[in-house]
Amino acid sequence: MQHPLPYLRASWRRLAATALSAVALTLAAQESAPPVDSLALVGSMPTVITEDQMNQKQVTNPLDAISGRVAGVTIQKSNNGMAAMNAVRVRGTTSLTGGNDPLIIIDGVFGDLTTLSSIYPTDIESFQILKDASETAAYGSRGASGVIEVTTKKGAISHATVTYNGSFGLSHVSKNLQMLDADRYRSILSQEGLMLIDKGYNTNWQEAIEQTAWMQDHHIAFMGGGEQAGYRVSLGFMDHTGVILHEKMRNFTSNMSMYQYMFNNVLKIDIGMFGNIQNDQTAIYDVQKTFYSAQTYNPTFGTTRNATGGWDGFTYANQINHPMALMDSRTRKKTTHVSTHAKFTIDLSAAWKLTLFGAYSHNEVETAQYLPTSIWGGGQAYRKSAKTESLVGNAIITYDKHIDRHHINAMGLAEVDKNIYTGFYTTTTSFSNDDLGIDAIQAGAVTLWEGTGSYRDAPSLASWMGRASYDYDGRYWLTLTARADGSSKFGDGHKWGFFPSVSASWVLSQEEWLQGCTWLDNLKVSAGYGLAGNQGGVDSYMSMNMVSPMGVTTVGNDVVVTLGTLKNINPDLKWEVKHSVNAGVSAAFLHNRIFTSIDFYTSKTTDMLYMYNVGVPPFSYNKLLANLGSMRNSGVEVALGFTPIETRDMELNINTNIAYQSNKLLSLSGYYHDYWLEAPTYVDLVSLNGAGFHGGNNHIVYQIVGQPLGVFYLPHCTGLQQESDGTYSYAIADLDGDGKIDISNGKDRRVCGQAMPKVLLGSNISFRFKQWDVALQINGAFGHKIYNGTALAYMNMGSLPGYNVLADAPSRNIYDQTATDYWLERGDYVDFDYLTIGWNVPLSDKIRRHISRLRLALTVENLGTITSYSGLTPMINSSTVNSTLGVDDKNIYPVDRSYYLGVNLTF
């Protein structure tokens with residue numbers, strides 16, 4: 001069968017080889033020592049990314065600073081708008097129900113990806129990535145999916161300094177889908193004898209809703225200190241527009257920290273406070289409908305209102321709206337975050353130290369949305385406020401002693417953590433006009449009962465931990481950790497989980513029999529085993545009976561709200577447990593100019609939480625959350641760094657990291673007491689939406705026991721077949737051999753690929769010549785597939801005249817929208833993420849009295865992508881299990897390219 005669209009067919013092996021020969025990533029930082037305050041295990045190999053090793057482009061999200069820098073860490077950029085969150089996975093997805101995001105710790109304060117995204121990147125000093133269980137054990141259940149520790153910049157012993165970082169940039173759409181233009185649209189409809197509503201315009205709707213975006217960032221920091229006290233205060237401001245009309249983002253940040261020694265340096269006090277206010281605005285309330293409309297709306301219509309002040313409608317297309325009418329909708333989101341912490345470190349003696357730590361965080365997200373009468377009958381206004389308050393406190397006592405060649409380190413920890421989640425929301429409809437909108441929702445005549453509510457949730461966690469570490473002569477390391485976590489989310493008798501771990505390492509390069517190898521700088525092997533708990537898939541009251549409002553009814557002449565139970569109770573809910581084994585070796589050669597490391601890992605999640613279908617009776621409701629499943633993840637992570645040139649005036653670094661990962665859903669069945677629970681054989685995760693897909697067999701990505709999580713389970717298309725009227729349709733194979741075509745589950749379908757990549761690549765090349773430097777970042781993913789649902793819909797000539805089609809559609813003459821593997825394509829890609837050219841401006845002695853450093857940098861983002869995928873971009877959701885996993889279904893933002901000019905000044 002000829003592939004549906006012509007493209008360069010390049011296997012992932014060829015792409016990977018090309019990228020590896022071109023560029024690589026600097027990962028020598030894996031040998032960096034963990035911060036003193038870190039709870040990472042002694043003897044383990046956490047990855048540390050310092051400021052100098054972060055991505056050199058102008059970043060607005062801190063996660064972009066380490067994208068592609070760490071083997072086994074997937075940072076999937078969102079293609080759903082400028083303010084959308086990135087998805088992060090550390091060594092893959094290990095749970096079906098949640099809790100797959102890594103733990104974020106910022107200066108000892110627990111947070112999440114939202115908290116991290118609010119920090120101004122220039123305030124960050126380093127990232128430390130903890131991946132295997134022996135590394136994350138110190139954080140217990142919170143670290144089940146990996147840990148990202150962020151250390152922000154602090155005051156230092158130095159004279160007072162002021163630094164300014166600023167950037168200015170532009171961004172434009174570099175790639176859109178090629179649809180029929182107005183002239184061809186008119187011609188095709190005439191040839192086909194279809195009704196044509198011609199308004200006389202020639203409109204490219206994709207371009208009509210797009211704009212050239214501009215960005216400006218400003219950050220200033222004040223720092224100073226001495227041996228007894230120090231401080232750092234910074235202020236940041238971001239002002240960005242997006243490539244879609246009315247998209248805006250403004251972010252104000254402030255970060256303050258200070259340290260103070262007292263009582264002859266017996267006591268050290270560290271205090272910090274961080275805050276930000278971010279305002280986001282967009283006209284997009286439904287990503288798929290917006291881009292579906294812009295790509296398929298009648299191109300003969302105009303972009304302005306008609307004589308009546310409204311928008312021209314198109315009754316043949318009931319799935320879309322006039323694109324400019326969609327731009328009249330408004331969604332505003334305001335995020336406010338404040339966190340403060342204090343740490344008291346007391347030196348009890350030369351060996352004993354006591355640390356007391358406390359932190360409080362407050363996060364509030366206010367969302368307001370108005371859908372005008374032109375796109376929502378009667379209009380609709382919606383407001384929501386969600387607040388999170390977090391309190392954490394711990395006490396740590398440590399013992400650290402050197403006795404000749406022996407080194408003993410022991411630690412005990414007690415910790416309590418409480419979170420309070422509150423919020424409310426309300427919806428009104430039936431507006432007489434669009435003048436007031438969000439700012440006066442009482443102008444809507446109808447307040448929906450089901451659209452109004454509030455909530456409060458207050459889970460808590462208590463933890464105890466003991467850790468003992470021993471090393472001999474810097475050669476042999478052994479660490480034992482025992483941690484117990486107690487969660488209020490679980491039932492009586494199951495609240496506490498015990499999660500031990502052990503790790504060991506051997507520095508072979510310290511042995512006498514290798515001392516003669518002058519070319520060998522370091523050689524180290526390590527191994528670890530540990531357990532980690534996960535409670536991310538459990539709501540606070542799943543193990544308890546709960547009464548909640550159910551609906552509205554009348555009793556006599558009164559209107560009352562009914563109350564009732566909502567779910568089956570499972571008092572036996574307990575921790576998901578991940579058992580992990582890790583082994584690795586690292587080496588450095590030729591005065592650290594060559595560095596390599598390789599890590600092997602495998603993990604098995606047991607007692608995995610899953611929502612089962614159950615019978616009524618014996619159960620009160622048809623769903624039950626229970627711990628029965630299991631899943632396995634395994635992989636190999638390879639890092640290689642090479643510095644072929646290193647002189648005073650010139651330096652070249654060529655490095656890379658590759659992660660091979662595999663996943664398998666092992667089981668979901670088992671007994672709950674005496675009742676056998678079994679998940680369906682085929683569970684559809686992702687289905688196609690939009691015109692032509694109203695029920696039926698439109699399911700694409702499935703969850704199947706015995707397969708990787710998220711596989712394509714599709715009918716097999718043997719090619720295009722010509723019908724009697726000259727049109728073409730998809731010929732479907734009779735896979736089960738029963739003589740008829742039945743594409744329901746278990747019939748003529750087959751597993752034909754997975755949505756999650758098998759191989760991840762991160763590469764970087766950096767070159768310095770005197771005051772000039774160049775950095776190029778390349779990322780890649782291989783071994784997975786993408787379902788091009790956009791092409792399936794837009795290649796269907798049967799969509800005319802209601803919906804426009806791709807420019808290539810008339811030549812193919814397909815009148816079919818059956819979802820088969822015809823549009824299943826390779827997802828392999830190598831992406832040139834950014835190119836930065838920097839200049840450290842030479843300064844005269846006179847200028848240096850006032851300015852100690854001046855650097856200018858030019859960055860180009862999203863240079864291009866090598867791929868065989870025929871859609872807009874292969875960089876879609878390939879890591880998060882939700883309704884978009886592995887499927888491009890008319891919901892991809894246009895591909896844009898950005899240009900930044902940055903300046904850095906130090907006074």
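Two strands pair if DSSP finds at least two bridges between them. That rule is used at several stops of this tour, which goes through a predicted model.

**Colouring by confidence**

Start by colouring the chain by pLDDT. The average over the protein chain is 87, and 93% of the residues score at least 70. Then select residues 1–45, where pLDDT stays under 50. The model has 128 contacts beyond four places in sequence for this stretch.

**A four-stranded sheet**

Select β31, β32, β33 and β36. These four strands form an open sheet in the order β31-β32-β33-β36, and their pairing is antiparallel. The edges are β31, at residues 683–687, and β36, at 750–754, each of which pairs on one side only. From one strand to the next, the twist averages 40°.

Zoom in on β31 and its partner β32, which covers residues 699–703. The two run antiparallel and are joined by four bridges. To see a bridge pair, show Val-686 and its partner in β32, Val-701.

**The largest nonpolar core**

Stay with β32 and select Ile-700. Which residues have the most contacts inside the largest nonpolar core? They are Ile-700, Phe-712, Tyr-787 and Trp-823, in a core of 65 residues. At least two residues of this core come from each of α4, β9 (213–225), α6 (287–296), α7 (323–326), β32, β33 (711–714) and α8 (789–794).

Now show what surrounds Ile-700. With neighbours within four places in sequence left aside, its contacts include Val-686, Ser-687 and Leu-688. Among the others are Val-711, Phe-712, Tyr-713 and Leu-714, and also Tyr-787, Ala-819 and Val-887.

A second core, separate from this one, has 21 residues. To find it, select Ile-66, Val-88, Ile-104 and Phe-127, which are among its members.

**Two helices that supply the core**

Select α6 and show its side chains. Is this helix largely enclosed or open? Nine of its 10 residues are buried, so α6 is largely enclosed by the rest of the structure. The buried residues are Val-287, Gln-288, Thr-290, Phe-291, Tyr-292, Ser-293, Ala-294, Gln-295 and Thr-296. Add α5 (205–208), α7 and α8 to the view, since they are among the elements that cover the buried residues of α6.

Next select α4, residues 182–192. Its buried residues are Ala-182, Tyr-185, Arg-186, Ile-188 and Leu-189. An α-helix has 3.6 residues a turn, so residues three or four places apart point the same way. The buried residues of α4 pack against α9, at 809–812. Just after α4 comes Gly-193, with a positive phi near 70°.

**Three strands in a row**

Select residues 330–347 and 352–371, which are β13 and β14. They run antiparallel, with 18 bridges between them. A hairpin of four residues connects β13 to β14. For a pair across these strands, show Lys-334 with Glu-366, which stands opposite in β14.

Add β15, residues 380–403. Its pairing with β14 is also antiparallel, over 20 bridges. Here the pair to show is Lys-353 and, opposite in β15, Thr-398.

**Two single residues in strands**

Go to Met-249, in strand β11 (residues 248–262). Met-249 has a relative accessibility of 7% and so counts as buried. Measure in the viewer from its C-alpha to that of Gln-281: the two are 6.4 Å apart in space, although 32 residues separate them in sequence.

Then select Val-581, in strand β25 (residues 576–589). Is Val-581 buried or partly exposed? Its relative accessible area is 40%, so Val-581 is partly exposed. Thr-602 lies 21 residues away along the chain, with 5.5 Å between the two C-alpha atoms. Beyond four places in sequence, Val-581 is in contact with Gly-528, Tyr-529, Phe-600, Tyr-601 and Thr-602.

**Last stop: the cysteines**

How many disulfides does the whole structure have? A search finds zero. Select Cys-752 as an example: the nearest cysteine sulfur belongs to Cys-717 and is 11 Å away. A disulfide calls for two cysteine sulfur atoms within 2.5 Å, and Cys-752 is in none. With 10% relative accessibility, Cys-752 counts as buried.

Definitions and conventions:
Residues numbered from 1 in each chain as written. Predicted model: local features only at pLDDT ≥ 70, side-chain atom pairs only at ≥ 80, totals over all residues. Heavy atoms only, no water. Buried < 20%, exposed > 50% of the residue type's maximum accessible area, 1.4 Å probe, protein only. Contact = heavy atoms within 4.5 Å. Axes fitted to C-alpha atoms, helices over the stretch in contact; angles between N-to-C directions. Core = buried A, V, L, I, M, F, W, Y, C linked by side-chain atoms within 4.5 Å. pLDDT = per-residue confidence, 0-100.
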